[in-house]
Amino acid sequence: MSINNESMTVTRSIQIEQWFLVKLGKTFTEAYAMLKEVYGSECLSRTQVVEWLKRFKEGRETTEDDPRPGRSSTSKTDENIEKLVN
């Protein structure tokens, strides 16, 4: 597993935990403090935590990224990644 995939996994875990913290009624400050305690330097920034908490408080149920405008990434395939790694 590459560092990028590990980072994405940690980010996704934090997002899921934020969803639970919203369900528990935690404030932005309480939620960020709890996540920072658990993840330390790997924690998302306070700005990112607040943004995701707002999304979940507004009813968002998924941690998947929103679609972005522009050209899609067509060159990022498992085959191409394997070529770069080896």
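1. A residue counts as buried under 20% relative accessible area, as exposed over 50%, and as partly exposed in between. Phe20 has a relative accessibility of 47%, so Phe20 falls in the partly exposed class. This residue belongs to helix α1. Its C-alpha atom is 9.7 Å from that of Ala31, and the two residues are 11 positions apart in sequence. The coordinates are those of a predicted model, which applies to every point below.

2. Overall make-up. The chain contains 4 helices and 0 strands. Read from the N terminus, the order of elements is α-α-α-α. Among the 86 residues of the chain, 22% are classed as buried. The exposed surface comes to about 6700 Å², with 53% of that area supplied by carbon and sulfur atoms. For contacts with a sequence separation of 6 or more, 54% are between residues 24 or more positions apart.

3. Annotated span. An unreviewed UniProt entry carries the annotation "domain: Mos1 transposase HTH" for residues 20-59. In the model, residues 20-59 are 70% helix and 0% strand. The C-alpha atoms at the two ends of this span are 12 Å apart.

4. Packing of α2 and α3. Helix α2 covers residues 28-39 and helix α3 covers residues 46-57. Their axes come within 10 Å of each other, with a crossing angle of roughly 125°. The angle lies outside the ranges for roughly parallel, roughly perpendicular and roughly antiparallel pairs, and α2 and α3 are therefore oblique to each other. The crossing has right-handed sense. On the α2 side, the contact is formed by Phe28, Thr29, Ala31, Tyr32 and Leu35. On the α3 side, the residues are Arg46, Val49, Val50, Leu53, Lys54 and Lys57. Ala31 also appears in the C-alpha distance to Phe20 given in point 1.

5. Gln15. Is this residue of α1 buried or exposed? Gln15 has a relative accessible area of 2% and is therefore buried. The residue sits in helix α1, which spans residues 3-23. Leaving out residues up to four places away in sequence, Gln15 touches Trp52, Phe56 and Thr63.

6. Arg60. Which class applies to this arginine? Arg60 has a relative accessibility of 16%, so Arg60 counts as buried. Its position is in the loop between α3 and α4, the latter being residues 78-85. With residues up to four places away in sequence again left out, the contacts of Arg60 are Trp19, Trp52, Arg55, Asp65 and Asp66. Trp52 is thus listed as a contact of Gln15 and as a contact of Arg60.

7. Val38. This residue is part of helix α2. Its relative accessibility is 61%, so Val38 counts as exposed. Which distance separates Val38 and Ile14 in space? From C-alpha to C-alpha, Val38 and Ile14 are 9.7 Å apart, while in sequence they are 24 residues apart.

Conventions:
Residues numbered from 1 in each chain as written. Predicted model: local features only at pLDDT ≥ 70, side-chain atom pairs only at ≥ 80, totals over all residues. Heavy atoms only, no water. UniProt positions renumbered as here; feature names shortened; annotations may be inferred. Buried < 20%, exposed > 50% of the residue type's maximum accessible area, 1.4 Å probe, protein only. Contact = heavy atoms within 4.5 Å. Areas by Shrake-Rupley, 256 points an atom, 1.4 Å probe, with all protein chains shown as cover. Axes fitted to C-alpha atoms, helices over the stretch in contact; angles between N-to-C directions. Parallel < 35°, antiparallel > 145°, perpendicular 65-115°, else oblique. Left-handed = near helix turned anticlockwise from the far one by under 90°.
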